[in-house]
Amino acid sequence: MSKPAYNSFQRQLIAANEDAAAFFRRHLLGRVEPGPRLYLIERGFGFLVEESKWAAGYAPGTWVGLRNHLAGLGYSDDVMLASGLLSTGAKGQMYDTFRDRVTLPVRDAAGHVIAFIARKAPNAPGSSPKYLNTRRTEIFNKGTALFGLSELSTAVPERVVVTEGPFDAIAADLATGGETAALAVCGTALTAEHASTISQLGAKDVVLAFDPDAAGGRAIACAFHHLAGTTDVLAAHLPSRLDPAGALAALGPTVLGQSIKRARPAADEVVDQHFRSWRSDQVGAEATVCLLREVLTDVRRMPKEQVARQVARLAEALPFTPAQITEELVDLDDSKSARTEAPSRLTAPLAPPERKVAQGRCP
């Protein structure tokens, strides 16, 4: 993977971020504020206090602690603002962007600190977001950056695990014994640029270990369509509807590791999500045709080998033959725009669909 090239000003931004990472790290290791350490321990991440690989830190709750520290090192306000480490208020006053938060540095492929993801204290007052990312800067774009990229234990990993948050990635790394490349997006859905970076790692497959909720389901579909065709894409079925970090804390690394190891084709998950979201009262011939056409909007974007598999699965779950489903799929491909209001050529279902649709499952 090619290393990024920076101009002189961008190198100043990197230097400021790396000095900030050292500042945050000292505050986590210090004995004055035990709260952040206790938080990590309670969530099963106590090893991060001593583990230097991820360089966890703590941004103190003061308004200008980091600003004063970096100014003492010779950094100008312009550099600190451009790096995203400072923010400005309504009256133009400057203050630390990260306050009273556990911090994790985001690094580029060369290992330079280019940004931070910061988790607020669990009992912190106010409506600030749980996670706060560095805003877009000359050296950081959340649409291209991946947390964990420079922490890979091998140049060509056997498997990549992609998660939605940094603690989820760290949990996956721990649960798999460092045998996978554990990565996280930085506060956004996985993009085509992320997919390109992941494919360049040369892994055998990619496991999506996203939150088991509606938003996580949509994220799986988005990530699958970006990654499909470049590598095998799998989806982890996380136990007890927990995210990876929650599974690590509640069930331990062995259970989480097995969930990742037993991941199934992500295409199956993309299709099954349609069944889970289909209301149990939406039954009958017309509703079943609508469900099929909704599912096929995703299937038509899949690689050919996955299309055949999903047609077979749909024929088992719905009262249509593989030939009928294939014909409908061809119609969608041939005349997508013309069919937006055109009736389906499918006849009434061959058998009542109430049982399978009501259960919301696609075998």
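Q: Hi! Leaving aside neighbours within four places in sequence, which residues is Glu138 in contact with?
A: Hello! In this predicted model, Glu138 is in contact with Asn7, Phe9, Gln10 and Leu13, once neighbours within four places in sequence are left aside.

Q: How far is Glu138 from Phe9, going by C-alpha atoms?
A: Their C-alpha atoms are separated by 9.2 Å, although the two residues are 129 residues apart along the chain.

Q: Where is Glu138 found, and is Glu138 buried or partly exposed?
A: Glu138 is found in the loop between β6 and β7. With a relative accessible area of 49%, Glu138 is partly exposed.

Q: What about Gly143, where is its place?
A: Gly143 has its place in the loop between β6 (131-133) and β7 (146-147). Gly143 is buried, as its relative accessible area is 13% and buried means under 20%.

Q: And what does Gly143 touch?
A: Not counting residues up to four places away in sequence, Gly143 touches Thr188, Thr191, Glu193 and His194. For a sense of distance, Gly143 and Phe275 are 30 Å apart in space, C-alpha to C-alpha, with their positions 132 residues apart in sequence.

Q: Let's zoom out. How many helices and strands does the protein have?
A: There are 15 helices and 12 strands. The protein has 363 residues, and 51% of them count as buried.

Q: What box do the C-alpha atoms fill?
A: Roughly 75 × 45 × 40 Å, taken along the principal axes. The accessible surface comes to about 16700 Å², and 52% of that belongs to carbon and sulfur atoms.

Q: What share of the contacts is between residues 24 or more positions apart?
A: Among contacts with a separation of 6 or more, such residues account for 69%.

Q: And the charges, how far apart are the mean positions of the positive and negative ones?
A: The protein has 40 positive and 40 negative charges, and their mean positions are 3 Å apart.

Q: New topic: helix α8. What span should α8 have, and what do its end C-alpha atoms give?
A: Helix α8 has 14 residues, 214-227, so at 1.5 Å a residue it should span 20 Å. The end C-alpha atoms of α8 are 20 Å apart, which agrees.

Q: Which residues of α8 are buried?
A: The buried ones are Gly216, Gly217, Ala219, Ile220, Ala221, Ala223, Phe224, His225 and Leu227.

Q: What covers those buried residues of α8?
A: The cover includes helices α7 (192-200), α11 (266-277) and α12 (285-299), along with strands β10 (205-209) and β11 (232-235).

Q: What about Gly229, which follows α8?
A: Gly229 has a positive phi, near 95°.

Q: Which residues other than glycine have a positive phi?
A: Two examples are Ala55, with phi near 55°, and Asp100, with phi near 50°. Most residues other than glycine have a negative phi.

Q: Where do Ala55 and Asp100 lie?
A: Ala55 lies in the loop between α3 (47-50) and β1 (57-59), and at 15% relative accessibility Ala55 counts as buried. Asp100 lies in the loop between β3 (94-96) and β4 (101-107), and Asp100 is partly exposed at 29%.

Q: Back to α11. What is His274 in contact with?
A: His274 is found in helix α11. Leaving aside neighbours within four places in sequence, His274 is in contact with Leu291, Glu294, Val295 and Asp298. His274 is buried, with a relative accessible area of 12%.

Q: Last topic, cysteines. How many disulfides does the structure hold?
A: Zero. Take Cys186: the nearest cysteine sulfur, that of Cys222, is 15 Å away, whereas a disulfide needs the two sulfur atoms within 2.5 Å.

Q: Where is the place of Cys186, and what is Cys186 in contact with?
A: Cys186 has its place in the loop between β9 (181-185) and α7. Apart from neighbours within four places in sequence, Cys186 is in contact with Val106, Ile117, Asn133, Phe140, Lys142, Ala145, Leu146 and Phe147.

Q: Are Cys186 and Cys290 buried or partly exposed?
A: Cys186 is buried, with a relative accessible area of 0%, while Cys290 counts as partly exposed at 41%.

Key: Residues are numbered from 1 along each chain as its sequence is written. This is a predicted model: local features need pLDDT of at least 70, side-chain atom pairs count only at pLDDT 80 or more; totals for chains, interfaces and linings use all residues. Side-chain values use heavy atoms; hydrogens and water are left out. Helices (H or I, at least four residues) and strands (E, at least two) are DSSP runs, numbered from the N terminus. The expected span of a helix is 1.5 Å times one less than its number of residues. Buried means under 20% relative accessible area, exposed over 50%, partly exposed in between (1.4 Å probe, protein chains only). Contact means heavy atoms within 4.5 Å. Accessible areas come from the Shrake-Rupley method with a 1.4 Å probe; for residues, only the protein chains shown count as cover. Lys and Arg count as positive and Asp and Glu as negative; His and the chain ends are not counted. The place of a charge is taken as NZ of Lys, CZ of Arg, CG of Asp or CD of Glu.
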